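Grab a coffee and open the structure viewer. Below are a few short exercises, each with a worked solution to follow along with.

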Amino acid sequence: MTADQTPHAFQVDLRGLVDLLSHHLYSSPKVYLRELLQNGVDAITARRAEQPDAPARVRLHAEGGGLRVEDTGVGLTESDVHDLLATIGRSSKRDSLESARSEFLGQFGIGLLACFVVAAEIRVVSRSARTPDAPPVEWTARDDGSYTVRTLPARDHPEPGTTVHLTARPGAAEWLAEERVLALAKDFGSLLPYDVRVGDTPVTERPPVWERPHPGQAARRVALARHCHEQFGFTPLDVIDLDVPLAGVRGVGYVLPAAVSPAQRAGHRVHLKGMLLTERADELLPEWAFFVRCVIDTDSLRPTASRESLYADETLAAVREALGERIRGWLTELAAGDRERLAQFLAVHHLGVKSLARHDAGMLRTMLPWLPFETTDGQLSLEEFARRHPVVHFTRTVEEYRQVAAIASAQGIGVVNGGYTYDADLVELLPTVRPGTAVAELDADTVTAHLDAVDPAEELALSGFLAAARARLDPLGCDVSLRTFHPVTVPALHLDDRAARHERARAEEEEQADELWAGILGSLRGGTPRARLVLNHLNPLVRRISGFTDPELVGTAAEALYGQALLMAQRPLRPADSALLNRAFLGLLQWAAQTPDGPAGRPGDADQEDGR
């Protein structure tokens, strides 16, 4: 048996292709108007490449449930019609006009097919400017895949150019209504370089608002703020000019007036040679610049096949880097010459700047005197805090900071809350931009070392009390120690650093693991760091409790102090901690009910001594 070597041509089901375009390639039927504008603009560009003085007009007329689009472009001959309009995937921009291709908006050859998303019939009447003697030609196509071509008398189309007539599909007439056509034309074509009108209403607004002359900077700011509100619905905190000639980019960035999540996807408006390409270009700026929304016009970026998003390539990466540099430059300018606006910006968007400073030593050095951090001295910059303290201590979590903030401040220990996004990373980077600065993560031993020891004789006298308290808290992996510290109103301090939490978690896993896994976890045991409950011997309540002699009562009191210290630190409670608090509360109630006037006195007596 011999194989059939005869070549065959692919057959295209136009109905299926239209369904593919409308449901998968394009996000909305509105793109049909962009394709019509694009064809008209490209045709004018092609004609002006050969006839620089040729008229440049696109006119749209919505009438009788249909739409008529006229352009003064290069036009088509009958052979062009058969070759270009009736051949799917063919584009004139790929052939004889390749040398001028960079000036064209469309490069994929889908052309008028997008109009079938809203039209049942497309009629094109065109006359070529390249072949003046050629008669006008009419091409009529229907959504069933058929088309007809005929020549017309010269009087039917006396001037070069093309007119496209659309007849609406059932249920799609709203897309061809004049009000909808005008809105879409202004959205897509406001920055196009030629005169585009819907009826008598101008569509194009050249030059763009960021390039227009204004009486002064104040007037320019007002105009740009109005433009931002029209495009994005907010009044910007500030405006950044994004004129980057080397990247082929012109436009503006608007700084959001309110904080947003860094994970929120940005919606930037990108025009390609004046035609709106997308209003959802979230990949245009670096991730750290989430506080900016852009409107740009570019001639360097590539569109995807649907022309509704940007093609991710090296050019886009270069443009993203160039725009990022421009935003960095704006921040540097604010730091150097406009402190008031910088303060307003950082009050809202310090998180974005901290994100940038993590990876950019120059930006960290520039912003260091201005970025706010929560510290035991109040809201300060790292620069100011480092001048006040020989060692910059920091915690990695908000909970750790809350444990020690009041005590550390009273003992003169400077601590930065590194529990917020990026803060710990920036504190650790401080020595790189401020040589000689000592930075250390705060741990339980450091805090305890700054607390004053109790007189040895007094501590020895309380050894029974401390032993009973330690025995009760030992199952929770917590030790008990006695110190004196300020403020006096704090009865107990719970210290629990990362090493202690890690060891506790390892021990819990070891208890629940099988023999083999328990052996592995046991081999990872460290120096058994433990959490610590530091009792304040200056506190009247603690002094009163330390006089208890009943081990059970001492244990209940120790549990109550432990739970209160956890609550004061606003730590998340484990199930065991919640059970302990409940048990201690009920135990104290039971003891108070049974011994209203015991030798140790009532619990309320201590509160009265403490003034509470």
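**Exercise 1. Work out how strand S10 sits among its partner strands.**

Start with one residue pair: Asp241 stands opposite Val252 in S10. Keep in mind that this is a predicted model.

Next, step back to the strand holding that aspartate. Strand S9 (residues 238-241) is joined to S10 by 4 bridges, and the two run antiparallel.

Now look at the other pairing. S10 and strand S13 (residues 292-298) also run antiparallel, with 7 bridges between them. One pair to click on is Val255 with its bridge partner in S13, Val292.

Finally, ask how enclosed the strand is. Of the 7 residues of S10 (residues 249-255), 6 are buried, so the strand is largely enclosed by the rest of the structure.

**Exercise 2. Trace the open sheet and find its edges.**

First, write down the order: 8 strands, arranged S5-S4-S3-S6-S2-S1-S7-S8, with mixed pairing.

Then check the ends. S5 (147-151) and S8 (201-202) each have a single partner strand, so one side of each has no neighbour in the sheet.

Zoom in on the S8 end. Strand S7 (residues 195-198) and S8 run antiparallel and share 2 bridges; Val198 has Thr201 in S8 as its bridge partner.

Last, add the helix. H4 (residues 178-189) packs on the sheet and touches S1 (57-63), S2 (66-71), S7 and S8. The direction of H4 makes about 155° with that of S7.

**Exercise 3. Describe helix H10 from end to end.**

Begin with length. H10 (residues 398-411) has 14 residues and reaches 20 Å from first C-alpha to last, close to the 20 Å expected at 1.5 Å a residue.

Now look for a kink: H10 bends by about 45° at Ala405. Ala405 is also one of the buried residues of H10, a list that includes Tyr401, Val404, Ile407 and Ala408.

To read that list, recall that an α-helix has 3.6 residues a turn, so residues three or four places apart point the same way.

Then step off the end of the helix, where Gly412 takes a positive phi of about 80°.

**Exercise 4. Decide where to trust the model.**

Take the average first: the protein has a mean pLDDT of 82, and 82% of the residues score at least 70.

Next, find the extremes. Confidence is highest in S7, at 96, and lowest in helix H20 (residues 603-609), at a mean of 43.

Then mark the weak stretches. Over residues 598-612 pLDDT stays under 50, and the model has 18 contacts there beyond four places in sequence. Residues 516-527 also stay under 50, with 13 such contacts.

Note on methods
Residues numbered from 1 in each chain as written. Predicted model: local features only at pLDDT ≥ 70, side-chain atom pairs only at ≥ 80, totals over all residues. Heavy atoms only, no water. Expected span 1.5 Å × (residues − 1). Bend = angle between axes of the 7 residues up to and from the residue. Buried < 20%, exposed > 50% of the residue type's maximum accessible area, 1.4 Å probe, protein only. Pairing = 2+ DSSP bridges. Contact = heavy atoms within 4.5 Å. Axes fitted to C-alpha atoms, helices over the stretch in contact; angles between N-to-C directions. pLDDT = per-residue confidence, 0-100.
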